[in-house]
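Thanks for coming. I have one structure to go through today, and I'll start with a hairpin before moving to the ligand, two helices and two odd backbone angles.

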Amino acid sequence: MSQPMILCRGLTKTYQKGSTTVTPLEALDLEVPEGQFLALMGPSGSGKTTLLNLLSGIDSPTSGTLEIAGSEIGSLSRGQLTRWRARNIGYIFQLYHLVPILTAFENVELPLLLDSMSKSERREKVESALELVGLSDRMHHRPTELSGGQEQRVAIARALVADPKLLVADEPTGDLDRESATRILELLQALAHEHGKTIVMVTHDPRAADAADRTLHLEKGLLITQP
Ligand SMILES: Nc1ncnc2c1ncn2[C@@H]1O[C@H](COP(=O)(O)OP(=O)(O)OP(=O)(O)O)[C@@H](O)[C@H]1O
């Protein structure tokens, strides 16, 4: 079998609050194959965001191992982690986080400005990311001129533009009506099944979880196996 995209063994995160130790994630073992669309559910405070932040290199584990695409990232320094993240992770937020004064094109272009790349190469990548999310005709619109579903698709194009292997999404349909949510979920399914992206999506919505290939449940920092 090929190596998993995500491999966690005994992954643990603790915080010290005065004399109390908070353990948002405890000894988590997890394997996710490349191209899988995984949903992560659990009550508030169960450790979902903590896990997303570890998988995406925003935070580092206290103990355990964490391999993404065969690289151990748990022990990288902050600077190494920032560079690794820019190449390997696309992050999708519930409230899109687009820059309001920039057009859809300029928002999607942002992650590429850190790379030394010609303007024409950048344009090509931005245009194909916007085409992939079905927004070629909205390229020069600003966020206020787009619907919520379209804003989320711009945000997905921005997450995709540097061609990361792993997409992490924190409640990507949480602020959308049912029809827009369905289109976003179909897009995420296509990204996993047709483009080989591995996707980890936090959601409170059972309908969104149903769109995924597999659902994991967290409770008090522990993984509850699916019945
Ligand atoms: N920086 C921090 N310092 C101390 N405790 C923290 C920190 N970050 C998270 N925690 C604690 O870890 C636990 C898990 O938090 P986390 O944000 O991962 O939960 P969640 O499942 O994403 O919740 P929600 O669905 O409400 O977003 C909570 O008890 C939280 O208070």
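**The hairpin, the ligand and the helices**

Let me begin at the turn: β1 and β2 form a hairpin with two residues between them, and G18 in that turn has a positive phi of about 60°. Keep in mind that this is a predicted model. The two strands, β1 at residues 6-17 and β2 at residues 20-32, pair in the antiparallel sense over eight bridges. Beside the turn, K17 has T20 in β2 as its bridge partner.

Next, the ligand. Which residues surround the ligand? From the hairpin strands and beyond, the list is Y15, K17, V22, P24, G42, S44, G45, S46, G47, K48, T49 and T50. So K17 turns up again, since it is part of that list as well as the bridge partner of T20. β1, β2 and α1, which covers 48-55, each supply at least two residues of the shell around the ligand. The largest share, three residues, comes from α1.

Now the overall picture. The secondary structure of the protein comes to seven helices and ten strands. The C-alpha atoms fill a box of roughly 50 × 45 × 40 Å, taken along the principal axes. A compact globule of 227 residues would have a radius of gyration near 17 Å, and the protein has 18 Å, which agrees. Buried residues make up 39% of the 227 residues. Of the contacts with a separation of 6 or more, 73% are between residues 24 or more positions apart.

Two helices are worth some time. The first on my list is α5, residues 148-160. Its 13 residues should span 18 Å at 1.5 Å a residue, and its end C-alpha atoms are indeed 18 Å apart. Is α5 enclosed or open to the outside? Eleven of its 13 residues are buried, so α5 is largely enclosed by the rest of the structure. Among the buried ones are charged-letter positions you may want to look at on the screen, including E151, R153 and R158, along with V154, I156 and L160. The buried residues of α5 pack against β6 (89-92), α3 (104-109), α4 (119-132), β7 (166-170) and α6 (178-193).

That brings us to α6. Its 16 residues should span 22 Å at 1.5 Å a residue, and the end C-alpha atoms are 22 Å apart, which agrees. The buried residues here are A181, I184, L185, L188, L191 and A192. They cover an arc of only 115° around the axis, which puts them on the same side of α6. The face turned away from that buried side carries the exposed residues E179 and E186. What covers the buried residues of α6 includes α5 and β7, as well as β3 (37-41), β8 (198-202) and α7 (206-211).

Last, the backbone angles. Most residues other than glycine have a negative phi. Y96 has a phi near 65°, a positive value in a residue other than glycine. Y96 lies in the loop between β6 and α3. Is Y96 buried or exposed? Y96 counts as buried, because it has 20 C-beta neighbours inside 10 Å, and 20 is the cut-off for that class.

K220 also has a positive phi, near 50°, and is likewise a residue other than glycine. K220 sits in the loop between β9 (214-219) and β10 (222-224). With 14 C-beta neighbours inside 10 Å, K220 counts as partly exposed.

That is all I have; questions are welcome.

Definitions and conventions
Residues are numbered from 1 along each chain as its sequence is written. This is a predicted model: local features need pLDDT of at least 70, side-chain atom pairs count only at pLDDT 80 or more; totals for chains, interfaces and linings use all residues. Two strands pair if DSSP finds at least two bridges between them. Helices (H or I, at least four residues) and strands (E, at least two) are DSSP runs, numbered from the N terminus. The expected span of a helix is 1.5 Å times one less than its number of residues. A residue is buried if 20 or more other C-beta atoms lie within 10 Å of its own, exposed if 12 or fewer, and partly exposed in between; C-beta atoms are placed from the backbone. Two residues are in contact if their C-beta atoms, placed from the backbone, lie within 7 Å. The arc is that of the directions from the helix axis to the C-beta atoms. The radius of gyration is taken over C-alpha atoms; the globule rule is 2.2 Å times the number of residues to the power 0.38. A residue is near a molecule or strand if its C-beta atom, placed from the backbone, lies within 6 Å of it.
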